[in-house]
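Open the model in your viewer and keep the selection tool at hand. The stops below go one by one.

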Amino acid sequence: MQYLQVIEAKLKEKKITAKKMLSDLNYSHSLITQWKNGNTPSLDKITAIAEYLDVPVDYLLGNIEVEITKKTLPNVKNAIFATPQRLVALRSGVNIAGSLRLKIGRYMNCSQDYLYGYEYSECEEDNDVEYDEMEVVFQICNILDQCAADDKYKILQLQISRLIARNIEKKYGVTYQMLIDKHGIESSKLDLIYNSTSMSGYGFNLSDIFRIMDDFAVLPPDMFKEGK
């Protein structure tokens, strides 16, 4: 739990007690104790604390060591739903940083060309970017959760959705027809994701992702990450 050490060091540097910080943020005084006891921090609280301590979110988030398993999945879902982005209605998704695209490509094993709408190819061999799994999982969920403000963002959402569709079929046997039969996701959306090369339309949104997770017991890493 290195992120706790970072928080404690920053508080000491700024000569602020943990109790004062939690009071200023209107959080329970037992919050840090809960984290020390193994509870998973939600991203909204990590974000607020990072801003309070004047450090980048990734500085704390990159040190959160959380294994995503069936046991921790509820905490992961709560953390994703608690992200600041979900608190802003119809937030527009645009201008994804190149560094984030590289991380997504590396994690999902696809080329940057694919994320821009070209035919599938594997991640470039020289893409040796480092990433934290939880960070990329949150970022992918954030991308799917936002309303596309331009065509490039819409294509990114759609191509990520196609990778997800391929992964859940390969790893869990969740097919197009199984999703159709569930009647939870629009058939036109599924047709675009599974049966079309068109870049005009929408991919999975975050509600679709959680529906798949709940209906088929698919965990985020297996849904997003390429491989067996």
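A residue counts as buried when its relative accessible area is under 20%. The model is predicted.

**Stop 1: the cysteines.** Select Cys123. Its relative accessible area is 12%, so Cys123 is buried. Now look for a partner. Which cysteine sulfur is closest to that of Cys123? It is the one in Cys110, at 7.3 Å, which is too far for a bond. A disulfide needs the two sulfur atoms within 2.5 Å. The count of disulfides in the structure is 0. Move on to Cys141. Its relative accessibility is 3%, so Cys141 is buried too.

**Stop 2: H7 against H9.** Select residues 98-108 for helix H7 and add H9. H9 covers residues 133-145. How are the two helices oriented? The axes of H7 and H9 are 10 Å apart, at an angle of about 105°. H7 and H9 are therefore roughly perpendicular. Show side chains at the contact. From H7, take Leu100, Lys103, Ile104, Tyr107 and Met108. Facing them in H9 are Glu133, Glu135, Val136, Val137, Gln139, Ile140 and Ile143. Colour this contact by residue class: 8 are nonpolar, 1 is polar and 3 are charged.

**Stop 3: H9 against H10.** Keep H9 and add helix H10, residues 151-172. These axes come within 9 Å and cross at roughly 120°. That angle makes H9 oblique to H10. The crossing is left-handed. On the H9 side, pick Ile140, Asn142, Ile143 and Leu144. On the H10 side, pick Tyr153, Leu156, Gln157, Ile160, Ser161 and Ile164. By class, the contact of H9 with H10 has 7 nonpolar residues, 3 polar ones and no charged ones.

**Stop 4: Gln157.** Zoom in on Gln157, which sits in H10. Is Gln157 buried or exposed? With 5% relative accessibility, Gln157 is buried. Leaving out residues up to four places away in sequence, Gln157 touches Ile143, Leu144, Gln146 and Ala148. Ile143 and Leu144 belong to the H9 side of the contact you just selected.

**Stop 5: H12.** Finish with helix H12, residues 187-195. Which residues of H12 are buried? Select Lys189, Leu190, Leu192, Ile193 and Tyr194. Then display what covers them. The cover includes H10, helix H11 (176-182) and helix H13 (206-216).

Technical notes. Residues numbered from 1 in each chain as written. Predicted model: local features only at pLDDT ≥ 70, side-chain atom pairs only at ≥ 80, totals over all residues. Heavy atoms only, no water. Buried < 20%, exposed > 50% of the residue type's maximum accessible area, 1.4 Å probe, protein only. Axes fitted to C-alpha atoms, helices over the stretch in contact; angles between N-to-C directions. Helix = DSSP H or I, 4+ residues; strand = E, 2+ residues; numbered from the N terminus. Parallel < 35°, antiparallel > 145°, perpendicular 65-115°, else oblique. Left-handed = near helix turned anticlockwise from the far one by under 90°. Contact = heavy atoms within 4.5 Å. Nonpolar A, V, L, I, M, F, W, Y, C, P; charged D, E, K, R; others polar.
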